[in-house]
Amino acid sequence: MQRFYKSHKLDDVCYDIRGPVLEHANRLEEEGHRILKLNIGNPAPFGFDAPDEIIQDVIANLRGAQGYCESHGLFAARKAIMQECQQLRVPGVEINDIFLGNGASELIVMSMQALLNNGDEVLIPSPDYPLWTAAVNLAGGKPVHYVCDEQSDWFPDIDDIAAKITPNTKGIVVINPNNPTGAVYSQQVLEQIVELARAHNLIIFADEIYSKILYDDATFVPMGRVAQEDVLCVSFNGLSKAYRLAGFRSGWMVISGAKHRARSYIEGLEMLSSMRLCANVPAMYAIQTALGGYQSINELILPGGRLKEQRDIAWKLVNDIPGISCVKPKGGLYLFPRIDLNMHKIHNDRQFVQDFLIQEKILLVEGTSFNWATPDHFRIVFLPRADDLEKALTRLGHFMERYSQ
């Protein structure tokens with residue numbers, strides 16, 4: 001009898017944040033174990049609720065959200081995003097330059113499918129948010145990873161980017177603020193990336209989902225402001241993180257810069273947008289209220305705020321573990337610690353994460369899942385409350401004392 005196999009298009013596609021180790025965690029939960037999940041930036045399970053006014057506005061508009069809307073998305077939501085771009089000093093953004101999607105994730109995949117032919121290359125940071133690598137592979141392209149330098153606050157290595165540009169390169173992905181490292185890029189670094197894009201006729205894809213989750217003196221500079229008229233910029237953002245609405249799957253994509261040189265590409269985006277008819281309409285009603293209302297995220301990231309406090313505690317506790325060090329994140333929800341492999345005999349980081357899960361019932365993500373080449377990093381979400389983080393990282397320290405492969 002004939003067997004059915006997955007498409008070869010999926011051969012190089014992976015998303016290990018929800019991969020085999022999570023499956024093992026789910027089995028442990030089914031057996032009755034309580035698992036502390038530090039693997040994913042999902043604010044709601046840790047008590048980070050969305051502002052009431054957003055929920056109330058969505059409920060009030062539900063009757064009007066029963067039908068399809070325009071494939072680009074609701075006019076009022078796109079108008080609010082356009083006004084946000086104006087406040088951020090991103091020039092030239094008009095209503096039809098904005099696409100709403102079922103989270104930024106859907107739009108990331110769409111942006112690659114509309115652009116890439118087989119063998120086309122896209123430069124992606126290492127470490128990266130792995131959806132970018134997966135989206136390029138799924139579209140038939142070739143992801144080429146450029147190095148971010150841990151010794152320089154995880155900033156991109158501009159020389160490495162330049163060295164990896166070929167005639168097949170179509171674009172550069174910039175994740176700022178960065179997931180998983182928490183780096184927030186300077187104006188100078190962004191200008192250098194724009195210069196490379198300008199010189200080699202490349203599109204810049206700017207993943208900016210953590211743009212409002214900043215700590216200390218960090219300042220977010222939107223790529224659309226830096227990439228002006230002669231460089232095409234495609235930016236992504238949404239409600240999942242700053243507004244704690246991950247389950248709404250409400251995101252957007254903004255086209256700015258050299259739009260006049262991308263009419264065919266934009267036609268492709270419009271075609272794909274129309275094929276899915278439209279994104280989730282009820283969630284679109286959250287956008288205008290979120291962007292135009294009180295920005296409650298500031299209460300969480302400023303001194304005394306819960307996110308900042310948890311970041312500080314997690315960062316200190318991780319660095320207190322012998323043989324583990326971590327660059328302090330300036331944005332986002334994650335730590336990306338480094339393991340000294342001379343002290344800790346680890347050669348398989350997935351095995352390390354799985355063994356820690358089995359013994360301590362705590363779920364992390366291995367660093368190689370973020371397309372980092374060596375098994376010497378892992379990612380921690382610092383969303384749990386401070387006392388839970390303290391218990392978890394104390395247990396990690398005890399585990400590291402006795403663990404080897």
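**Exercise 1. Find which residues isoleucine 81 touches, leaving out residues up to four places away in sequence.**

Solution. Take contact to mean heavy atoms within 4.5 Å. Isoleucine 81 then touches Ile98, Leu100, Trp252, Val254, Ile287 and Leu291. The model is a predicted one, in which local features need pLDDT of at least 70 and side-chain atom pairs count only at pLDDT 80 or more, while totals for chains, interfaces and linings use all residues. Residues are numbered from 1 along each chain as its sequence is written, and side-chain values use heavy atoms, with hydrogens and water left out.

**Exercise 2. Place Ile81 in the largest nonpolar core.**

Solution. Step one is the terms. Buried means under 20% relative accessible area, exposed over 50%, and partly exposed in between (1.4 Å probe, protein chains only). A nonpolar core is a set of buried Ala, Val, Leu, Ile, Met, Phe, Trp, Tyr and Cys residues joined through side-chain atoms within 4.5 Å.

Step two is the core itself. The largest one has 77 residues, and Ile81, Ile213, Leu307, Phe352 and Met400 have the most contacts inside it. Another core, of 32 residues, lies apart from it and includes Met223, Val231, Cys233 and Trp372. In soluble globular proteins, nonpolar side chains tend to be buried together.

**Exercise 3. Check the span of helix H3 and list its buried residues.**

Solution. Helices (H or I, at least four residues) and strands (E, at least two) are DSSP runs, numbered from the N terminus. The expected span of a helix is 1.5 Å times one less than its number of residues. H3 covers residues 75–87, which is 13 residues, so it should span 18 Å; its end C-alpha atoms are 18 Å apart, in agreement.

The buried residues of H3 are Ala77, Arg78, Ala80, Ile81, Met82, Glu84 and Cys85. Their cover includes strand E2 (98–102), strand E9 (250–257) and helix H10 (281–292). After H3 comes arginine 89, with a positive phi near 60°.

**Exercise 4. Describe the salt bridge between arginine 311 and aspartate 216.**

Solution. A salt bridge is a side-chain nitrogen of Lys or Arg within 4 Å of a carboxyl oxygen of Asp or Glu. By this rule there are 18 salt bridges. In the bridge of arginine 311 with aspartate 216, the closest N and O atoms are 2.9 Å apart. Arginine 311 is in helix H12 (residues 306–319) and aspartate 216 in the loop between strand E7 (203–207) and helix H8 (223–226), so the pair ties together parts 95 residues apart in sequence.

Next, compare the accessibility of the partners. Arginine 311 is buried, at 0% relative accessible area, whereas aspartate 216 is partly exposed, at 42%. Finally, a network of salt bridges links Asp216, Lys308, Arg311, Asp312 and Lys328.

**Exercise 5. Do the same for glutamate 360 and arginine 395.**

Solution. Their side chains meet in a salt bridge of 3.1 Å, N to O. Glutamate 360 belongs to helix H13 (residues 349–360) and arginine 395 to helix H14 (residues 386–402), so the pair ties together parts 35 residues apart in sequence. Glutamate 360 is buried, with a relative accessible area of 12%, and arginine 395 is partly exposed, with 33%.

**Exercise 6. Is aspartate 49 buried or exposed?**

Solution. Aspartate 49 sits in the loop between strand E1 (36–37) and H2. Its relative accessibility is 57%, so aspartate 49 counts as exposed.
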